[in-house]
Amino acid sequence: MSRAPLTDPEHAPVSDSAAGDTERALAHAAEHCEAHGARFTKARRRVLALLLAQQQPLTAYQLLDLLREHQPGAQPPTVYRALDFLMRNELVHRIESTNSYLPCNHQHCGHHPARDAHWPQFLLCDSCGETREVPLDGALRQALTLQARDYGFEVGARPLELHGLCAACRKA
Ligand SMILES: [Zn+2]
Ligand SMILES: [Zn+2]
């Protein structure tokens, strides 16, 4: 699997628009936390900023490596605690099948759905590693829920992960 090199938002030259997007997303996250009485601490903000600067999801250890460039003594619990917080506040998602994390892309666009309605779907490219969060169609979601109910099973709001090839890799 060939992946793009990781970018450090505070060292690498980022385009103005990418930097603007990151700033907007961080400002949105701060507001979101304030509205929910949650503390958006420096460590939480930095972990989110590192994730926002990537074009791909990161594992906790990749995050730790990037974090250590700013905070040489950072330990795994720092990253895990920040990730826990960011996930509880739906600012970050965990991709189970690759054990990695990526920022929720609904945060930017102002239509972040209500907590119980947020049931994302991820399209994961097995060739380049691209991971996209896309909304799960309401009818499909209902069909899945009803089908599980036939077995007396209540589906929780776990994201769906679909593996395959992205548009660019299909053309290659
Ligand atoms: Zn999301
Ligand atoms: Zn791809």
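In this predicted model, the axes of α2 and α3 come within 10 Å and cross at roughly 110 degrees. That angle makes α2 roughly perpendicular to α3. The crossing, with α2 passing α3, is right-handed. On the α2 side the meeting point involves R46, V47 and L50, and on the α3 side it involves L63, L66 and L67.

The three α3 residues just named turn up again when burial is looked at: L63, L66 and L67 are the buried residues of α3. Looking down the axis of α3, these buried residues fit within an arc of 100 degrees, so they line one face of the helix. And what sits over that face? The cover over the buried residues of α3 includes α2 and α4.

That brings in α4. Two packed helices are described by the angle between their axes and the distance between the axes. For α3 and α4, the axes come within 9 Å and cross at roughly 115 degrees. The helices α3 and α4 are therefore roughly perpendicular to each other. Here too the crossing is right-handed, with α3 passing α4. The residues making this contact are A60, L63, L64 and L67 from α3, together with P76, V79, Y80 and L83 from α4. So L63 and L67 of α3 do double duty, because they meet α2 and also belong to the contact with α4.

The remaining pairing in this trio is α2 with α4. Their axes lie 9 Å apart, and the two helices pack at an angle of about 80 degrees. This pair, α2 and α4, is therefore roughly perpendicular as well. From α2, the contact uses A43, R44, V47 and L48; from α4, it uses T78, V79, A82, L83, F85 and L86. V47 is worth keeping an eye on, as it appears in the contact with α4 and also meets α3.How enclosed is α2 by the rest of the structure? Eight of its 11 residues are buried, so α2 is largely enclosed. The buried residues of α2 are R44, R46, V47, L48, A49, L50, L51 and L52. Several of these names come back in the largest nonpolar core, which has 26 residues. V47, L48, L50, L51, L86 and V92 are the residues with the most contacts inside that core. At least two core residues come from each of α1 (16-35), α2 (42-52), α3 (60-68), α4 (76-88) and β2 (100-103). The largest share, six residues, is supplied by α2.

Zooming out, the protein chain has six helices and five strands. Read along the sequence, they follow the pattern α-α-α-α-β-β-β-β-α-β-α. The chain has 172 residues, and 22% of them count as buried. Contacts across the sequence also say something about the fold: of those between residues at least 6 apart, 65% join residues at least 24 apart.

D126 gives a close-up of such a link. This residue lies in the loop between β3 (120-125) and β4 (131-135). Although D126 and C166 are 40 residues apart in sequence, their C-alpha atoms are 8.2 Å apart in space. Leaving aside residues up to four places away in sequence, D126 touches H163, G164 and L165. D126 counts as partly exposed, because it has 13 C-beta neighbours inside 10 Å, and the cut-off for exposed is 12 or fewer.

Finally, there are a couple of backbone oddities. Most residues other than glycine have a negative phi. E90 is not a glycine, yet its phi is positive, at about 55 degrees. This residue is placed in the loop between α4 and β1 (92-95). With 17 C-beta neighbours inside 10 Å, E90 counts as partly exposed. N99 is another non-glycine residue with a positive phi, in this case about 50 degrees. The loop that holds N99 runs between β1 and β2. Is N99 buried or exposed? Its C-beta neighbours inside 10 Å number 11, so N99 counts as exposed.

Methods. Residues numbered from 1 in each chain as written. Chains lettered and ligands numbered in written order. Predicted model: local features only at pLDDT ≥ 70, side-chain atom pairs only at ≥ 80, totals over all residues. Core = buried A, V, L, I, M, F, W, Y, C linked by C-beta atoms within 7 Å. Buried ≥ 20, exposed ≤ 12 C-beta atoms within 10 Å, placed from the backbone. Helix = DSSP H or I, 4+ residues; strand = E, 2+ residues; numbered from the N terminus. Arc of directions from axis to C-beta. Contact = placed C-beta atoms within 7 Å. Axes fitted to C-alpha atoms, helices over the stretch in contact; angles between N-to-C directions. Parallel < 35°, antiparallel > 145°, perpendicular 65-115°, else oblique. Left-handed = near helix turned anticlockwise from the far one by under 90°.
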